Amino acid sequence: VGYRNKKCWPRDCRMRLLKRDVNLGRAVFWDMKNRLPRSITTLDWDDSFVSVYSADNPNLLFDMCGFEVRIQPIKFNHRGANGAPDAPGSSTTYKDGVWNLQNEGTKEMTAQAHLRVE
């Protein structure tokens, strides 16, 4: 399909290349490319990565300052034997390179950020 993916993550953590999400990612890229004045900067498709967050793609992937980052909402972390999500709080990971993200107002843990060094 000609759509880049973050191969440093396990296969189940990568973006699933579904037609509607790939088309949305391409549309966002081309929209951003056309909005930037060419006299200031340009975006190149071959050097870019667009991650789409949707019901079928529950991980938000990006890299920044030499780190690969994967943000995963708690509700998508794990599924039980019957395919239903586990109880809230039972699907969290506690290890190095994983940070819990919480809502400041409610103090509810909403997502986890997983970091890897490039």
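**Exercise 1. Which side chain meets Arg20 in a salt bridge, and what is the N to O distance?**

Solution. The model is predicted, so local features need pLDDT of at least 70 and side-chain atom pairs count only at pLDDT 80 or more, while totals for chains, interfaces and linings use all residues. Residues are numbered from 1 along each chain as its sequence is written, and side-chain values use heavy atoms, with hydrogens and water left out.

Step 1. The criterion for a salt bridge is a side-chain nitrogen of Lys or Arg within 4 Å of a carboxyl oxygen of Asp or Glu. The side chain of Arg20 meets that of Asp56 at 1.9 Å, N to O.

Step 2. Arg20 belongs to helix α1, whereas Asp56 sits in the loop between α1 and β1 (60-64), so the salt bridge ties together parts that are 36 residues apart in sequence. Helices (H or I, at least four residues) and strands (E, at least two) are DSSP runs, numbered from the N terminus.

Step 3. Relative accessible area defines three classes: buried is under 20%, exposed is over 50%, and partly exposed is in between (1.4 Å probe, protein chains only). Arg20, at 53%, is exposed; Asp56, at 28%, is partly exposed.

**Exercise 2. Determine how many salt bridges the structure holds, and describe the pairs Lys6–Glu68 and Glu104–Lys107.**

Solution. Step 1. The structure holds five salt bridges. One of them joins the side chains of Lys6 and Glu68 at 3.5 Å, N to O.

Step 2. This pair links distant parts of the chain, 62 residues apart: Lys6 is in the segment before α1 (19-35), and Glu68 is in strand β2 (residues 67-73). Both Lys6 and Glu68 are buried.

Step 3. Glu104 and Lys107 also meet through their side chains in a salt bridge, at 3.4 Å, N to O. Glu104 is exposed, with 59% relative accessibility, and Lys107 is partly exposed, with 47%.

Step 4. Shared partners join Lys6, Asp63 and Glu68 into one network of salt bridges.

**Exercise 3. Explain why Cys8 and Cys13 form no disulfide.**

Solution. Step 1. A disulfide requires a pair of cysteine sulfur atoms within 2.5 Å. The structure holds zero disulfides.

Step 2. For Cys8, the closest cysteine sulfur is that of Cys13, and the separation of 9.8 Å is too far for a bond. Cys8 is in turn the closest partner of Cys13.

Step 3. Cys8 is partly exposed, with a relative accessibility of 32%, whereas Cys13 is buried, at 10%.

**Exercise 4. Identify the residues of the nonpolar surface patch and the strands that supply them.**

Solution. Step 1. Patches are made of residues with over 30% relative accessible area and no salt bridge; like charges are joined within 9 Å, and nonpolar side chains (Val, Leu, Ile, Met, Phe, Trp, Tyr) within 5 Å.

Step 2. Phe67, Trp99, Leu101, Leu115 and Val117 make a nonpolar patch of about 460 Å². At least two of its residues come from each of β3 (98-102) and β4 (109-117).

Step 3. Val117 lies in strand β4, and its relative accessible area of 66% makes Val117 exposed.

**Exercise 5. Summarize the fold pattern and the surface of the protein.**

Solution. Step 1. The protein has one helix and four strands, in the sequence order α-β-β-β-β.

Step 2. Of the 118 residues, 30% are buried. The accessible surface (Shrake-Rupley method, 1.4 Å probe; for residues, only the protein chains shown count as cover) comes to about 8,100 Å², and 54% of that area belongs to carbon and sulfur atoms.
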